[in-house]
Amino acid sequence: MSLDSKSKTKHRDSIAVLSDVHSNLEAFTATLREIQKLGISKIYSLGDGVGYGPDPVECTKLAEENITVRIMGNHEYAIRFPDTLRFNRDAQAAADWTRGVLEVAGVLDKATELPMSYQEGDVLFVHGSVKGHIMDYVFSEDRDGYSTFDAIAQTLEESFVGFRLCFVGHNHTPFLATEEGFLHPHAEVDEFYVAGRKLYVCVGSVGQPRDGDNRASFVVYNGETVKYHRVPYDVATTAAKIRKNGLPERLADRLLVGR
Amino acid sequence: MLRAIDEFIRKADRVPSIPAQVSSLLQTMSSPVSSVLEIEAMIAADTTLSARILRLANSAFYYRMAPVTRIRDALTRLGFKTTRSMVVTVWTQSLRAFKHNLREAAIVSMLLNHGTSCAVIAKAICEVVNRERAEDVFLAALLHDLGRIVLAFQLGDSYVADVLFVADRAERATCDVEEEMLGLNHAKLGGRLMEAWRLPRLFEEAARGHHDEVRPKDTAPELAAVMLADIWATELGHNLAPHALRPSPDGLIEMLALPHPEELKELCKDKIATMMDIFEI
């Protein structure tokens, strides 16, 4: 179900915001095609364009050609500054492999020389969170299963100064973190009115969704509403390429189930 | 008074529920064989959860969508993940609120039980006088004392000692004592809370007007059902300050033209007991 936003005055041109492509060429291509179909030309990427997946060079070139604003994620940081971040074994193996491939292709700087944040009017774009642009996560629950609502509500009240909306990736999960609760899009309701409110917009992931839905995720923001989009793509091909390149098996398996 | 009320409203997002009851709901939601109807019934028995779920479903994020007055419609709008997130939030807040304070837990628990009892009674009354509004009246009654729960949670034991016990011992109206001691009363706070949270008009009227004087020409039957439910729930032992001044139920019974009020009250007693058993309250 979509909101009837046509009758409202738009404050700005629509932008598409995506994140965490993770070298997944099939998902990235399908997503860009969908954005093009929507007639949107401004695309913002919140980092982690590379890492985990099998096509870092192609994804970097595609990003250079199509993305209006690119910022740095923890994978770009880890690739650019080796041994500075603690990664799990699969992520580290993928980062080492990706660095090598990018160096050989001569596009390491193009892939990783990126700003850590970008602000436009009252909207901030970062990879992680307001508290840690690169590594911190916005989650609705902590590791023990307790809600993070009170902490996030406090952050929204105290730290959202000079901006009111913050678009983030990194958690690979599409939802809004608001002062009233966490709002997850679903088949019937995928668009939310956000004008005048302070909130995090978690855009989900293009190349490695983890919300149980293996389709690529991105959002469209028009100054008043945030609309979530999901795009099916050829997951099997990407998974096969991951295996063929000798990357950790688990990175292929998780794509199939979106976890 | 408005400033004081707004300050309470600002912190109303942390009002807890009964942890065991919310845990039970979370278990139901995790079960692959649980149904939406089961989840709806469990949420509809909990004042805090119902208020938060309805508030979220009626929030400005769902701009241009019709107001939601029923839990099942709210659940459809919010979807499973959003609903579960809210339940986890209330569960977390409830555990933290009562971790080191069993006395406050008992107070809030008693107030929440009062809401549940009122809801059961008001629905039973409405099924006799206006069946079509029974579901709406159930929720209006469930939430009618949210202002008192907010006060009890934010002021703690001092609210009970300085307001409820004083009203109870002196057999005075709690709203009068609240105004003297706090400069506001729970009915006005509840009404303002419903308004701020964009909850349905009937809920606002029930919260704001449930201690008002009964005027047969002006008092809507739905509000009268909530007012009578408040009195009967207290008579049945589901309220703090049972001796505080309350109007006689006779005028309300007459106004609602209830044919067999004592039988209905007995039936409500059984229904409340059944609901308390379900939740092991």
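Begin by selecting chain A, in which buried residues make up 49% of the 259 residues. The model is predicted. With the whole of chain A in view, its C-alpha trace spans about 50 × 40 × 30 Å along the principal axes. A compact globule of 259 residues would have a radius of gyration near 18 Å, and the 17 Å of chain A agrees with this. Among contacts in chain A between residues at least 6 apart in sequence, 74% join residues at least 24 apart.

Next, colour chain A by secondary structure, which comes to 8 helices and 12 strands. Among these strands, 6 form an open sheet of mixed pairing, in the order 4-5-6-10-7-8. Select strand 4 (117-120) and strand 8 (182-183) of chain A: both stand at the edges with a single partner strand each, so one side of each is left without a neighbour in the sheet. Then add strand 5 (residues 123-126) of chain A, which pairs with strand 4 in the antiparallel sense over 4 bridges. To inspect one bridge, display Glu120(A), whose partner in strand 5 is Val123(A).

Now bring chain B into view and turn to the contact between the chains. This contact takes 21 residues from chain A and 20 residues from chain B. On the side of chain B that touches chain A, helix 4 (47-57) and helix 5 (71-98) each supply at least two residues. Helix 5 of chain B gives the most to that side, with 11 residues. By class, the side of chain B that touches chain A has 8 polar, 6 nonpolar and 6 charged residues.

Keep helix 4 of chain B selected. Is this helix enclosed or open? Of its 11 residues, 11 are buried, so helix 4 of chain B is largely enclosed by the rest of the structure. The buried residues include Arg52(B) and Arg55(B), as well as Leu49(B), Ile53(B) and Leu56(B). To see what covers them, show the helices of chain B that include helix 2 (19-30), helix 3 (36-43), helix 5, helix 6, helix 7 (134-143) and helix 8 (146-155).

The last stop is the largest nonpolar core, which has 157 residues. Select Val17(A), Ala122(B), Ala141(B), Val226(B) and Ala229(B), the residues with the most contacts inside this core. Helix 6 (residues 102-129) of chain B gives the most to the core, with 12 residues. Finally, centre the view on Ala141(B), which touches residues including Cys118(B), Ala119(B) and Ala122(B). Ala206(B), Val226(B) and Ala229(B) are also among the residues that Ala141(B) touches, not counting residues up to four places away in sequence. In soluble globular proteins, nonpolar side chains tend to be buried together.

Key:
Residues are numbered from 1 along each chain as its sequence is written. Chains are lettered from A and ligands numbered from 1 in the order in which they are written. This is a predicted model: local features need pLDDT of at least 70, side-chain atom pairs count only at pLDDT 80 or more; totals for chains, interfaces and linings use all residues. Two residues are in contact if their C-beta atoms, placed from the backbone, lie within 7 Å. Ala, Val, Leu, Ile, Met, Phe, Trp, Tyr, Cys and Pro count as nonpolar, Asp, Glu, Lys and Arg as charged, and the others, Gly among them, as polar. A nonpolar core is a set of buried Ala, Val, Leu, Ile, Met, Phe, Trp, Tyr and Cys residues joined through C-beta atoms within 7 Å. A residue is buried if 20 or more other C-beta atoms lie within 10 Å of its own, exposed if 12 or fewer, and partly exposed in between; C-beta atoms are placed from the backbone. Two strands pair if DSSP finds at least two bridges between them. The radius of gyration is taken over C-alpha atoms; the globule rule is 2.2 Å times the number of residues to the power 0.38.
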